[in-house]
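User: Could you take a close look at one part of this protein for me? I would like to hear about its main nonpolar core and what surrounds it.

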Amino acid sequence: MRIACFVESYNFTQKQEVQALQIFSETAKKMGHDFELLGKEILERIDRFDSVFIRATTDPLFTAYTVSRLAEEMEKRVIDDSESIRICSNKIAVYYKLKKANIPMPETRIVYSLDELEYTAEELGYPLVVKSPNSRFSLYVEKANNFSELSTIVRRFMRRSKAVLLQEFMPTPFDWRIGVLGGEAIYSCKYLIPKGGWRIRDYVGNKKVWGDVIAIKLDNIPRKLRKLAEDSAKCIGDGLYGIDIKEFNGKYYVIEVNDNPTIMHGCEDTKNPELYEKIIEALSN
């Protein structure tokens with residue numbers, strides 16, 4: 001089996017991400033497969049491979065989406081599939097998928113007009129979280145403590161989107177991240193909130209900071225948490241997803257479903273190193 005891995009160098013700013021790619025390559029070879037890293041030249045060579053693994057920014061406007069669609073048209077196995085990219089690139093689409101399946105989430109409202117902003121915010125109460133539908137890595141995700149802040153944020157976000165999501169704020173010391181592949185959890189960890197911040201990637205004292213990652217062996221997480229992550233993933237498809245979950249007042253709430261989840265050596269893989277083999281196996285079946 002020949003596996004092509006589509007990468008874009010600007011995605012790999014940390015050595016742990018590069019190390020994870022090396023492990024993917026070594027794992028594939030141990031399992032008897034070829035594994036080749038390719039940039040945009042994959043578009044001209046994709047017919048030579050049996051499956052495609054995307055490790056690049058996924059968005060319907062990016063090359064990764066074209067790669068995914070092309071692979072599907074050639075009937076090749078691809079992670080991430082184009083439908084997952086399309087859905088996960090739109091938080092409103094994800095919200096309605098989860099809502100339809102009765103997945104617990106923080107109270108959420110979608111606002112399409114500034115006229116409905118004040119009374120909608122009062123329903124949720126302050127502080128609240130404001131999200132642009134096509135945000136990622138905590139970009140265009142901000143907290144409003146009052147209507148003045150909310151109005152400023154929403155006006156700015158609506159320059160790039162016709163709608164925004166307002167969400168109940170749940171202060172927690174960490175977010176769960178459960179990796180799910182083909183409907184089954186394959187790794188788990190906690191993404192800690194950095195000191196002085198309220199989200200995983202934050203700005204503290206005008207300095208960008210990331211919270212630490214604590215890997216948890218999958219067998220040691222609560223069964224209810226694991227099932228919630230798997231149920232949430234199935235709302236989107238059968239690909240590879242990172243499910244972000246808040247644990248608040250003894251209950252679990254899904255806050256994000258991400259395609260193309262981050263996998264860094266020494267972080268997500270620490271307690272569940274078999275995740276590499278499971279992903280390669282999914283690409284080779």
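Analyst: Happy to help; here is a walk through the core, the helix pair beside it in this account, and then some other local features.

Please keep in mind that this is a predicted model. The largest nonpolar core is made of 31 residues. Within this core, the residues with the most contacts are Leu98, Trp176, Ile178, Ile243, Ile245, Val254 and Val257. Two or more residues come from each of these elements: the helices α4 (82–88), α5 (91–100) and α8 (223–236), and the strands β9 (174–181), β14 (240–248) and β15 (251–259). The most generous contributor is α8, which supplies 6 residues. As a general background, nonpolar side chains in soluble globular proteins tend to be buried together.

Val257 is a good place to stand and look around. Leaving aside residues up to four places away in sequence, Val257 touches Cys88, Val94, Leu98, Ser232, Ile236, Tyr241, Gly242 and Ile243. Two of the partners on that list, Leu98 and Ile243, are also among the residues with the most contacts inside the core.

Several of these names return when we turn to the helices α5 and α8. Their axes come within 9 Å and cross at roughly 120°. With that angle, α5 is oblique to α8. The crossing of α5 and α8 is right-handed. On the α5 side, the contact is made by Val94, Lys97 and Leu98, and on the α8 side by Ser232, Cys235 and Ile236. By residue type, this contact of α5 with α8 divides into 4 nonpolar, 1 polar and 1 charged. Val94, Leu98, Ser232 and Ile236 take part in this helix contact, and Val257 touches these four residues too.

The loops next to these elements deserve a visit as well. Between α5 and β5 (108–111) lies a loop that holds Asn102. This residue is not a glycine, yet the phi of Asn102 is positive, near 60°. Asn102 has a relative accessible area of 68%, so it is exposed. Asn249 sits in the loop between β14 and β15, and here again a residue other than glycine has a positive phi, near 50°. Asn249 also counts as exposed, because its relative accessibility is 68%.

Further along your tour, check the loop between β4 (77–79) and α4, where Asp80 is placed. The peptide bond from Ile79 to Asp80 is cis, with omega near 15°. There is also a cis peptide bond joining Tyr126 and Pro127, with omega about -5°. Pro127 is in the loop between α6 and β6 (128–131).

That brings us to α6 itself, which pairs with α7. The axes of α6 (residues 117–124) and α7 (residues 147–157) come within 11 Å and cross at roughly 120°. These two helices are therefore oblique to each other, and their crossing is right-handed. Leu117, Glu118 and Ala121 of α6 meet Phe147, Leu150, Ser151 and Val154 of α7. The residues of this contact split into 5 nonpolar, 1 polar and 1 charged.

To return to where we began, the core you asked about has 31 residues, and α8 gives the most to this core.

Definitions and conventions:
Residues numbered from 1 in each chain as written. Predicted model: local features only at pLDDT ≥ 70, side-chain atom pairs only at ≥ 80, totals over all residues. Heavy atoms only, no water. Core = buried A, V, L, I, M, F, W, Y, C linked by side-chain atoms within 4.5 Å. Buried < 20%, exposed > 50% of the residue type's maximum accessible area, 1.4 Å probe, protein only. Helix = DSSP H or I, 4+ residues; strand = E, 2+ residues; numbered from the N terminus. Contact = heavy atoms within 4.5 Å. Axes fitted to C-alpha atoms, helices over the stretch in contact; angles between N-to-C directions. Parallel < 35°, antiparallel > 145°, perpendicular 65-115°, else oblique. Left-handed = near helix turned anticlockwise from the far one by under 90°. Nonpolar A, V, L, I, M, F, W, Y, C, P; charged D, E, K, R; others polar.
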